[in-house]
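Here's a quick tour of who touches whom in this model. Have the structure open while you read.

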Amino acid sequence: MDMNFVTNLILASVRMATPLIFVSLAELYSQRAGLTNIGLEGLATIGSLVGFMVSLLTDSPILGVLAGMMAGIIVNMVFAYATISLCAEQIVYGMAINIFAPALAAFIYRVYFGSGSSLVQVRLMNTLASTMGITPSNFFARLLLDQTFMVYFAYALVIFTAIYFNKTKSGLNFKAVGEHPKAAATLGINVIRTKYIASIICGALAGMGGAYLTTCYTTTYVDGNIAGRGFIALAAVIFGRWSAGGVLLACLFFGFCDALQIRLQVASFGLPYQFFQMIPYVATVVVLALIGMKKAGPKSCGKPYRKEER
Amino acid sequence: MHKNRLFSVLVPLISVLLAFLVGCIIMAALKANPITALKALWKGAFGSTRNLGTTLARSTPLIFTSLCACFAYRCGVFNLGGEGQFLMGSIACCYVATQSGITGLPGILLCLLAGGIAGGFWAAIPGLLKIYRGQNEMIISIMLNYVATLFMGVVYTNWLREGSVPQTMAVPNETKLTRLFGLRCTSAFVIAVVIGLLIYYFLFNTSMGFQLRAVGLNMTASEFNGFAVKRFILFSFIISGVIAGIGGSAELLGTQFRLINGFGAGYGFDGVAMALIAQLHPLAAILVAIFFAALRVGSTTMQAATGVPTSVSEIIQALVIVFTVAGLALVKLPEFKAFLERLFPARKEA
Amino acid sequence: MKKVFALVLSLVMVLALAAPAFAADKTYKVAMICDSSISDGGWGAACYNAMIDAAAANGWETAYSDSIDQSAYYDTIVSYCDLGYDLIYAPGNQYTDAVLQAAEEYPEIAFALLNGGASTPEKAVNKNVTSLLPNATEIGWIAGALAGLMTETGTIAFIGGMELDTTKGKYAGYKEAAAYVGEKAGKTVKTLDIVYSNSFSASDKGIEFAKAMIDQGADVFFGDASAVDSGARQAIDAANQAVGAIKIYDIAQPADILGQNECIICSQVTDNSSLVGLSMQAVMNGTFGGEVIYGTLENGVLSAGKISDLVPAEIQEQYKAYLEEMIAGTFMQ
């Protein structure tokens, strides 16, 4: 096992963790306001497609990311209205989003690009190093400089989220909505508004995570490119115990598993690679089995909030 | 009570109409004639006995998974793990069918039994974590779906692989389920309907079924009344898994014959959605599953005949779910009830 | 009235079947099923275009379903059978079981299996399945000879989609031709073990595979995995850009797509449309069934596409000489 293998493995882990960080933070904001949203897969899919199309049309990956974000918000507003205002069952509605959004994305792609058989490719976002016009040679330069703006943004978001939830009054109020909405309401917090804000943030970040894939990672869009990342993100939130730092570590760990799994396949390793792909899911079940109910996330998650029950 | 019953039929119907309306608008926007397209859809699904057979065959696994979701939800727990249980059932079935050497009717029965046990076992995990650790059964069952899918991947790419394509060996001919009237639909459909009837009988005509529904309606009150709530929860989870597991076996023995990539994908979530649209009524669930299967089978004909892509049919299916779930939540809102009473004050007095 | 009508109708049908001359102005229809996307810029696109070209040449109508799951192969084929399509075109060995099953139930419909096994037509009880079989080893040779000439690190790579016999054949030909050509040029050429993406659509897997293989020193790539190949090319382009020179190359297949990515030095070209065209003519002549139609360098179905300027003139000469040997049947003899 040479050094090159290790450094490249670390670089690949960071690469594969980035979309997970966006989508997991989306879920974190949602759950902190008491909304378990399993529709991440769908939100990321639509974000990915819209991001792809807009960056193709404008030749600007940044606009693509913004458009993906908007698409995520719009679709998540359907979820928000149904679960917050109509008090529909959250998990079921998330599932409905997961069926609806990919069908919509497949349809738009098919109609827009027709049945043409030529490969449509977009320009990817530049890395910091290439914007500065340098070619990083050593490992640390590659890790720190050879990344797109989105990667720095993802880590900045993690730091921001950690500070927001732990050090600011607004963040504590936000968390109160997820823990005890009724108590929060008696303290004068607008529970409904907080939940809608959480849904906007959730849609934006999930859409952004999807758009990352088509503006910073692959130059093409294929149906099903989210490939379960929405559910791995859900797992990362649980595995990271609902804290921004924990979520980051969980994403890096899951990204590492994925990168390792690919390399073991290349190295013709004996054990079936699917066992490595199972790690995020098995880890989540084990964590949930160990921590017990009292610590299992914001208490009002999954429960509808009705004003008049106050 | 009467009003609720009316809504439980009305909401899904209105949702279906709305979804089709949106579908027609999309078709018109694509410059296809919606009427021609819908006719093609109908013809593809029910136009001939052969097509009808295909539709029923496609509905069979959906019936199993929606019954699976129905049963658990009647007891107040959400089993979103239908897909994982379906797959674990089919994996166990595949092992028995290809490795045991027992064929014919005893082979089939053994296969279904093995599938049911494996499904029940897989469902017991979230059930146990729910009652002993108080964990959210939905999240755990979703995670287990992925574990099962990947595990099936190991089976068809490694352990039971046959030949160059990643797939398992085929079930022996003698163990395949017989086709009905030479159509694509097999006796698996009959098994599915019989299980639906049994569940209906159990839930509405036995005292245990009554207790189970009572737990589902109000867990705290049932506990207060001395019902063994935890035992009911675990029981309903396991039975629900058994149904899905038998479904997986029946799908393997009746339709696919081999485990391959994409086997059973999406059936679990589809089943939950269909159970909700059917208002957790086992017999209605069968009809809803046939309706969805028809949309899927017919969409290929529609694409070939009118150029409307099959994804339009998928959008319609998704919208039916989106509208129904929202609609059912809406009619339960106190504001909506108050609104209705203002709208029809006379009816309240009558 | 209805009965009379039905009687007349069935009489017409019997006549139509009995006397092909009556059905001369019938429009024939072909449907393609594909597990990759037809706009993948690789395998799916090439197979789709082959059908379109052959249909245009023979006056057929076409339809297709792409990006379908393995579990939906059979269902999709059967839907087209029920719609009265005359020929089902399935471009890949992975459809064999689904095609055989459908062929048994629909004896009146013709099935063309591109890359089907040599023994598959015999297995079809109704003799209505034809294998269109481009020679996988020769495909591997065409790519391998150039890879062997071009590699500087002495390590070359191959990314497969599914573990199919044809994919293995291409890999074997690629490996042996590269080793042979390299030896002649006085260098040892090592081919990395084949990796499978187990998907034809996961372009992100192509990126990661290619990166991992570049880390192991590979500098010429060939692949058999549709959109996964385009992901690999993206990673190769990125690696070249990082060093500011095109040092890592890719050989494409089965259509000539030179210029799509800057790393492509040549394409191995398979003229699938002539194979599909042959089966269409067989359907129209009523002679369809139970045979294997081979595609080789010799009969012109296989060839090498345009060669990029990245390949030095002297190597181009050597490569063309090797291609001549392959056609003449003297390669590696």
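What follows covers the chain contacts and then the domains of one chain.

This is a predicted model, where local features need pLDDT of at least 70, side-chain atom pairs count only at pLDDT 80 or more, and totals for chains, interfaces and linings use all residues. Residues are numbered from 1 along each chain as its sequence is written, while chains are lettered from A and ligands numbered from 1 in the order in which they are written.

**Chain A with chain B**
- Chain A puts 38 residues into this contact and chain B puts in 40 residues (in contact means C-beta atoms, placed from the backbone, within 7 Å).
- On the chain A side, helix 4 (90-113), helix 11 (229-239), helix 13 (274-277) and helix 14 (279-291) each chip in at least two residues (helices are DSSP runs of H or I, at least four residues, numbered from the N terminus).
- Helix 4 of chain A gives the largest share of that side, 13 residues.
- By class, that side of chain A has 30 nonpolar, six polar and two charged residues (Ala, Val, Leu, Ile, Met, Phe, Trp, Tyr, Cys and Pro count as nonpolar, Asp, Glu, Lys and Arg as charged, and the others, Gly among them, as polar).

**Chain B with chain C**
- Here 16 residues of chain B meet 20 residues of chain C.
- Helix 3 (49-74) and helix 12 (282-306) of chain B each bring at least two residues to the chain B side.
- That side of chain B splits into six nonpolar, nine polar and one charged.

**Inside chain C**
- Chain C has domain 1 (24-135 + 272-295) and domain 2 (137-269 + 302-328), with bounds from an automatic or database domain assignment.
- Their C-alpha centres are 28 Å apart.

Technical notes: Contact = placed C-beta atoms within 7 Å.
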